[in-house]
Amino acid sequence: GDGGDGGERLRGWALFKVGLAAWRVFFRQRSLPVALAHVLLNASILYPGTMMVAYLAAAGMQETSLGIFRGSCAAASVLATLLTSRWMSRRGIFASGFGFIGFEVAWGPLG
């Protein structure tokens, strides 16, 4: 080889170690149960991701309607991202986490 392969492996290993350290910090957080509950709530067919869109397309929904649906989901995600930091700074991480989960549970059946 030309010697470049070893440098790339070293960089890759360093990135892996940084990622591993980040996951270790994440799992030590006090908010881990709230974060896992949120992930598990969204890990279903009800989440407006690829599976939901594939189902709606197979059920006969028009492409324009699917585009509007996906766009409105993206807009809601951007709005939630912008409002989350303000909400969390006022109420704290645990109250915010439970509030967000409660909101999703309350509004989920209506969607």
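**A tour of a five-helix chain**

Begin with the whole protein chain on display, coloured by secondary structure, and you will find five helices and zero strands, so that, by the definition of these elements, the pattern read along the sequence is α-α-α-α-α. Keep in mind during the tour that this is a predicted model.

Next, colour the chain by confidence: the average pLDDT is 79, and 82% of the residues score at least 70. Select residues 32–42, which form helix α2, the element with the lowest mean pLDDT, at 73, and then turn to helix α4, where the mean is the highest, at 84. Where pLDDT is low, the predicted coordinates should not be read in detail.

With the whole chain still in view, consider its 111 residues, of which 11% count as buried. Among the contacts with a separation of 6 or more, 45% are made by residues that lie 24 or more positions apart.

Now select residues 63–91, helix α4, together with residues 93–107, helix α5, and look at how the two pack, at an angle of about 130 degrees and with their axes 7 Å apart. That angle makes α4 oblique to α5, since it falls outside the ranges for roughly parallel, roughly antiparallel and roughly perpendicular. The crossing of these two helices, α4 and α5, is right-handed.

Finally, show the side chains where the two helices touch: from α4 select T84, W87, M88 and R91, which meet I93, A95, S96 and F100 of α5. The residues of this contact between α4 and α5 divide into five nonpolar, two polar and one charged.

Note on methods:
Residues are numbered from 1 along each chain as its sequence is written. This is a predicted model: local features need pLDDT of at least 70, side-chain atom pairs count only at pLDDT 80 or more; totals for chains, interfaces and linings use all residues. Side-chain values use heavy atoms; hydrogens and water are left out. Axes are lines fitted to C-alpha atoms, for helices over the stretch in contact, and angles run from 0 to 180 degrees between N-to-C directions. Helices (H or I, at least four residues) and strands (E, at least two) are DSSP runs, numbered from the N terminus. Angles under 35 degrees count as roughly parallel, over 145 as roughly antiparallel, 65 to 115 as roughly perpendicular and the rest as oblique. A crossing is left-handed if the near helix is turned anticlockwise from the far one by less than a right angle, and right-handed if clockwise. Contact means heavy atoms within 4.5 Å. Ala, Val, Leu, Ile, Met, Phe, Trp, Tyr, Cys and Pro count as nonpolar, Asp, Glu, Lys and Arg as charged, and the others, Gly among them, as polar. pLDDT is the predictor's confidence in each residue, from 0 to 100. Buried means under 20% relative accessible area, exposed over 50%, partly exposed in between (1.4 Å probe, protein chains only).
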